[in-house]
Amino acid sequence: MSKKVHIKTWGCQMNVYDSDRMVDVVAPLGYAPTEEVADADLVIFNTCHIREKASEKLFSELGRLRSHREAKAQQGGRMMVAVAGCVAQAEGAEIKNRVPWIDMVFGPQTYHQLPEMIARVSREKGVVLNTEFPPVAKFDFLPDTSITTKVSAFLAVQEGCDKFCTFCVVPYTRGAEYSRSVDAVVKEAGRLVHEGAREITLLGQNVNAFHGEGPDGKTWGLARLLYRLAEIPELKRLRYTTSHPRDMTDELIVAHRDIPQLMPFLHLPVQSGSDTVLEAMNRKHTSDDYRRVIDHVRAARPDTALSSDFIVGFPGETDQDFDATMKLIRDIGYAQAFSFKYSRRPGTPASAMTNQIDESVKDVRLQELQKLLREQQEQFNIATVGQTLSVLIENKMQKDGLVFGRTPYMQALHLAAPECLVGQEVRVGITSAGFQRLEGVVATVSADAA
Ligand code: SAH
Ligand code: SF4
Ligand code: F3S
């Protein structure tokens, strides 16, 4: 490989998946991935539009990149620069205007066309702008090998969203809900395992709304897909993210009880504990609906660790509404969670609401909420000290003699163990725990780790 590609990724796991697939798409053209932006012949910024400031950050990154690009040109080389992802999808024309030297701007649905775009950039002057939603899904055009596969791999099974929560840009940047066929998913999972993956996280903006065409011609839901994937012999662990409470079907909940490979961890965003706010958000579920789902999941698999997303300071959120969110958090008890201040996104219904909340109020609420979530996470981790847990070793760490792995509950763990254990499930006695991670000692290595 003679050329180098550098990709910087912001945003959700789907963007991480997309970036890896972009590496695979350009590999046949002779591009090898590099961490060093100055070395790169092709730089791709894969962007996220979910909250404010994303585009400002992008423009300042592009400003910094310009000097590298000019240095390269002075040496007689060329650095192609592309903006991809959700900011590109939402603000493609503006990027083209503000950064006239940019080479390519393309959205999440067109990166399989990178070889054609690169060819056009080499041939012509001017910007290639490619933010259409093509009628045929990109997945069928992606390479069937990968040089980026990891022990814990992502697999996109569903993309887009039809739910239109009033705060959210995803339905606009990722388009309408789309599910891949079961055959395509099973084939990609087989390939990932062949390339060394031992855990697969199925991805989708609404992954539990998956409704792909099955090999029998019928529509399969996520639960059926999980049972099918659990038949792959060397695949030790399955996870899925992100889910919507409304799509937690009974069948999917039962799968948590019946599929041993499906890890006891569920990321189920609730956003708020107040029914008034949930309604204004167009979430189409109440806080009791959410509690019922959690009860059912815990009845099916009592040790399920829970995670969620929260927004504070949504337009109109009162102190009482915020208290209802705090109460929900206390009632449920989370192993981890993400929380954000509401951010006004142009074009979404909530950004036009007149009852916006002061930044200072949002700040105070976020601090209070994060303090509680942090305590819960710490308590959850400390409660595992003294237990022996199965840990999938994902990679060696920079510091010699240490490896990184995760427990079934998604807890990060650092372990003194040989590198040859990467890809193995190891029984680990947990010796200490903090907010962010656990430490432990190897108890036993699973039978196949000889
Ligand atoms: N598809 C996922 C969420 C994608 S965005 C789902 O439905 O759960 C990830 C998280 O970002 C959301 O769950 C929400 O908590 C947060 N988020 C989305 N839009 C936001 C906004 N305008 N302001 C603040 N947080 C937002
Ligand atoms: Fe956004 Fe709501 Fe769709 Fe999630 S369900 S992607 S929060 S619109
Ligand atoms: Fe961001 Fe797009 Fe994901 S807006 S969160 S990268 S779907």
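This is a short chat about ligand 1 and some aromatic pairs in a predicted model.

User: Hi! Any ground rules before we start?
Analyst: Residues are numbered from 1 along each chain as its sequence is written, chains are lettered from A and ligands numbered from 1 in the order written. The model is predicted, so local features need pLDDT of at least 70 and side-chain atom pairs count only at pLDDT 80 or more, while totals for chains, interfaces and linings use all residues, and side-chain values use heavy atoms, with hydrogens and water left out.

User: Cool. Which residues come nearest to ligand 1?
Analyst: Phe167, Gln205, Gln271, Asp309 and Ser343, out of 14 around the ligand (a heavy atom within 4 Å counts as near).

User: And what does the side chain of Asp309 do there?
Analyst: One of its N or O atoms is 2.6 Å from an oxygen atom of ligand 1. For Arg51, a side-chain N or O atom is 3.1 Å from an oxygen atom of the ligand.

User: Does Arg51 sit over a ring, and which one?
Analyst: The charged end of Arg51 sits over the ring of Phe340, 3.7 Å from its centre (CZ of Arg or NZ of Lys within 6 Å of the ring centre and within 35 degrees of the ring normal).

User: Switching topic: how many aromatic pairs are there?
Analyst: Seven (ring centres within 6.5 Å; planes under 30 degrees apart are stacked, over 60 edge-to-face, the rest tilted). Phe310 and Tyr334 have ring centres 5.5 Å apart and planes at 85°, so they are edge-to-face.

User: Are those two buried or exposed?
Analyst: Both Phe310 and Tyr334 are buried (under 20% relative accessible area, with exposed over 50% and partly exposed in between, using a 1.4 Å probe and protein chains only).

Definitions and conventions. Polar contact = N/O pair within 3.5 Å; in protein donor to acceptor, adjacent residues only side chain to side chain. Phe/Tyr/Trp six-rings, centres within 6.5 Å; stacked < 30°, edge-to-face > 60°.
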